[in-house]
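User: I have a model to go through. Please take it element by element.

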Amino acid sequence: TKMAMTHQNYLIAIRDALDASLNLRFLPSEEVERQSHPEIEFSDSKKLVLKKILVSRNEQENCLIESSINSCRVSFSIKKNEVEFLLTHMLQRFFALRADRFKIMRRKPLDPEKYDFSFLITEDHLQKYKKEELINFILNFIQGIDKEISEMKLTIINQCRISASYFTNSIANNNL
């Protein structure tokens, strides 16, 4: 039987998985001299790619963490009904246009059908930023997206309620 995780337990599980996965090392490319590229993106050598970790809160909300010797890709999906799907898509486009400002965000998720947002962390990022800061950024991003979608959804519901009220009052007063 599957048991739904609370949101806090879900975030703790992601934190623990990221903490274990973000032990990255410099590894020059075996194909091109003097270059290093994220092994998780290219998967040139299966020996350098670790086992995937899937942390699920429920059937719709999950986080996929894929690690290699020098990079880690974090993809997550959030709960969706029709309204949440549209709001998520709007936020996804907004962040895709600004992905270069976030340094670790990918413009396109790993699998757009399954995941809404993806991050790519390389060993270069771990040299510039502390591991805890990167983990906290990803967790705060997940919480912020959840909060933003909930607030936008409440605003839409409130606007629909006001519109329906106006419409029914107009019909009742024969003002149409």
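The questions below go from the sheet to the helices.

User: What kind of model is this, and how are residues numbered?

Analyst: This is a predicted model, where local features need pLDDT of at least 70, side-chain atom pairs count only at pLDDT 80 or more, and totals for chains, interfaces and linings use all residues. Side-chain values use heavy atoms, with hydrogens and water left out, and residues are numbered from 1 along each chain as its sequence is written.

User: What is the strand order of the open sheet?

Analyst: Helices (H or I, at least four residues) and strands (E, at least two) are DSSP runs, numbered from the N terminus. Two strands pair if DSSP finds at least two bridges between them. The sheet is open, has 4 strands and pairs in the antiparallel sense, in the order 1-2-3-4.

User: Which strands stand at the edges of the sheet?

Analyst: An edge strand has a single partner strand, so one side of it is left without a neighbour in the sheet. That description fits strand 1 (53–56) and strand 4.

User: What is the average twist from one strand to the next?

Analyst: Axes are lines fitted to C-alpha atoms, for helices over the stretch in contact, and angles run from 0 to 180 degrees between N-to-C directions. From one strand to the next, the twist averages 15°.

User: Which residue of strand 3 stands opposite S67?

Analyst: Strand 2 (residues 62–67) and strand 3 run antiparallel and are joined by 6 bridges. A hairpin of 3 residues links strand 2 to strand 3. Opposite S67 in strand 3 stands C72.

User: Which residue of strand 4 is the bridge partner of R73?

Analyst: Strand 3 and strand 4 are antiparallel, with 6 bridges. The partner of R73 in strand 4 is L120.

User: How many residues of strand 4 are buried?

Analyst: Buried means under 20% relative accessible area, exposed over 50%, partly exposed in between (1.4 Å probe, protein chains only). On one side of strand 4, F117, F119 and I121 are buried; on the other, S118, L120 and T122 are too. Strand 4 is largely enclosed by the rest of the structure, because its buried residues number 6 of the 6.

User: Which residues of strand 3 point the other way from S71, R73, S75 and S77?

Analyst: Strand 3 has 7 of the 7 residues buried, so the rest of the structure largely encloses it. S71, R73, S75 and S77 point one way; the other way point C72, V74 and F76.

User: What angle does the direction of helix 1 make with that of strand 2?

Analyst: Strand 1 and strand 2 run antiparallel, with 4 bridges. Contact means heavy atoms within 4.5 Å. Helix 1 packs on the sheet and touches strand 1, strand 2 and strand 3; its direction and that of strand 2 make about 5°.

User: How far apart are the end C-alpha atoms of helix 6?

Analyst: The expected span of a helix is 1.5 Å times one less than its number of residues. Helix 6 (residues 131–172) has 42 residues, so it should span 62 Å. The model agrees, with its end C-alpha atoms apart by 61 Å.

User: Are helix 1 and helix 6 roughly parallel or roughly antiparallel?

Analyst: Angles under 35 degrees count as roughly parallel, over 145 as roughly antiparallel, 65 to 115 as roughly perpendicular and the rest as oblique. The axes of helix 1 and helix 6 come within 10 Å and cross at roughly 150°. Contact residues include L11, I14 and L18 of helix 1 and I135, L139 and I142 of helix 6. The two helices are therefore roughly antiparallel.

User: What is the angle at which helix 3 and helix 6 pack?

Analyst: Helix 3 and helix 6 are oblique to each other. Among the residues making the contact are L87, L91 and F95 of helix 3 and I145, I149 and M152 of helix 6. Their axes are 10 Å apart, and the angle is about 130°.

User: What is the relative accessible area of I145?

Analyst: I145 is found in helix 6. Not counting residues up to four places away in sequence, I145 touches I78, L91, F95 and F117. I145 is buried, and its relative accessible area is 3%.

User: What is the C-alpha to C-alpha distance between I145 and I156?

Analyst: I145 and I156 are 11 residues apart in sequence. In space, C-alpha to C-alpha, they are apart by 16 Å.
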